[in-house]
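Colleague: Could you take one part of this model and walk me through it slowly, explaining each term as you go? I would like to understand how that part fits into its surroundings.

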Amino acid sequence: MGDWGFLEKLLDQVQEHSTVVGKVWLSVLFIFRILILGLAGESVWGDEQSDFQCNTAQPGCTNVCYDQAFPISHVRYWVLQFLFVSTPTLVYLGHVIYLSRREERLRQKEGELRALPHKDPQVERALATIERQMAKISVAEDGRMRIRGALMGTYVASVICKSVLEAGFLYGQWHLYGWTMEPMFVCHRWPCPHFVDCFVSRPTEKTIFIIFMQVVGLISLLLNLMELVYLLCCYLIRRIKARQGQDTSPAQGTTSEPYADQVFYLPMGKEPPSEPCPTYSGLSSTEQNWANLTTEERLASSGHPLFLGLSPQSSQKSPSNSSSSTSKKQYL
């Protein structure tokens with residue numbers, strides 16, 4: 001087995017820019033697949049060819065029978081599986097790194113433009129262009145890239161490719177070897193003169209290892225499907241919230257002016273309007289009070305209400321002569 005450290009470092013960077021389900025998938029890949037294969041793979045499958053024995057002395061018969069029984073070694077097959085399944089994730093990591101570097105260059109360029117003492121229209125247009133480009137790159141406060149826009153498309157495509165490759169390798173392993181390791185393999189291939197019985201070392205232990213790797217592969221495939229469903233749900237939730245925001249924004253604009261669409265009418269009587277109250281200028285307080293009292297008596301005798309809120313019965317009542325004369329005396 002080779003050194004998996006370089007691949008682990010690359011995939012570890014993807015965890016910072018993955019969803020919750022994607023982080024679980026990477027943990028399963030690291031612990032239950034790469035780590036188990038690195039620790040126990042060589043010890044279980046190290047004697048695969050050396051202990052493959054056939055009951056014949058014909059030169060070359062054992063080699064051709066081994067090639068027929070194992071077209072590709074299980075360990076090498078799993079190594080190829082891990083590399084192919086991890087490739088879409090590495091492509092997504094490359095897209096993340098590209099956006100991060102681009103965001104840094106845009107920020108640096110924006111700082112240089114804002115540091116200029118005199119800003120002409122060309123500088124303002126350049127700043128507006130930079131702001132539009134930076135708006136397309138969604139970066140969280142902690143420096144992580146938000147899975148939005150083009151990055152969302154790359155992430156979904158990587159998950160779909162992982163699912164297809166995972167399913168293909170699982171089917172290929174089942175088609176080549178099945179779910180168990182048979183202790184005896186019957187071979188009839190040239191240059192073997194007849195049917196030859198060949199025996200595999202430790203078939204039970206290898207069967208357990210094969211079942212374990214197949215189950216972990218199925219779990220990884222299930223996690224990929226769950227991540228697709230999770231991404232679809234997140235997308236639908238964002239669309240629903242965006243529509244609700246668009247629906248509530250016009251409503252908020254109308255509530256800011258609650259009486260914008262309402263028309264109020266003042267009550268208008270059928271009788272002709274009363275004469276306007278005369279204005280006096282240059283009079284003393286006593287003369288002004290006397291003039292006001294005279295105007296009130298004239299309005300009361302004509303039958304017009306002094307206020308809109310008064311009832312007709314109250315408006316029809318007029319003060320008596322005694323009360324008016326008393327009031328005149330008080331004013332005088």
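Modeller: Let us start with E48, which sits in the loop between α2 and β1 (53–54), where helices (H or I, at least four residues) and strands (E, at least two) are DSSP runs numbered from the N terminus. Before going further, please keep in mind that this is a predicted model, in which local features need pLDDT of at least 70 and side-chain atom pairs count only at pLDDT 80 or more, while totals for chains, interfaces and linings use all residues. Residues are numbered from 1 along each chain as its sequence is written, and side-chain values use heavy atoms, with hydrogens and water left out.

E48 is buried, with a relative accessible area of 4%; buried means under 20% relative accessible area, exposed over 50% and partly exposed in between, for a 1.4 Å probe and protein chains only. If we set aside the neighbours within four places in sequence, E48 is in contact (heavy atoms within 4.5 Å) with Y66, F70, S73, H74 and K206. One of these partners, H74, is 26 residues away from E48 along the chain, yet their C-alpha atoms are separated by 9.6 Å.

F70, which E48 touches, also leads us to the largest nonpolar core, which has 49 residues, with W45, F52, C65, F70 and W78 making the most contacts inside it. A nonpolar core is a set of buried Ala, Val, Leu, Ile, Met, Phe, Trp, Tyr and Cys residues joined through side-chain atoms within 4.5 Å. The elements that each supply at least two residues of this core are α1 (5–14), α2 (20–45), α3 (61–69), α4 (74–114), α6 (149–176), β3 (196–199) and α7 (203–255). Not counting residues up to four places away in sequence, F52 touches T62, C65, Y66, A69, F70, C198, F199 and V200. There is also a second, separate core of five residues, including L106, V123, L127 and I130.

H74, the partner of E48 mentioned above, takes part in the packing of α2 against α4 as well. The axes of α2 and α4, which are lines fitted to C-alpha atoms, for helices over the stretch in contact, with angles from 0 to 180 degrees between N-to-C directions, come within 11 Å and cross at roughly 160 degrees. α2 is therefore roughly antiparallel to α4, since angles over 145 degrees count in this way, those under 35 as roughly parallel, 65 to 115 as roughly perpendicular and the rest as oblique. On the α2 side, the contact is made by W25, L29, R33, I34, L37, G41 and W45, and on the α4 side by H74, V75, W78, V79, Q81, F82, V85, S86 and T89.

The other long-range partner to follow is α6, whose axis comes within 9 Å of that of α4, the two crossing at roughly 175 degrees, so that α4 and α6 are also roughly antiparallel to each other.

To close with the whole chain, its secondary structure comes to 10 helices and three strands, and buried residues make up 32% of its 332 residues. Of the contacts in the chain with a separation of 6 or more, 75% are between residues 24 or more positions apart.
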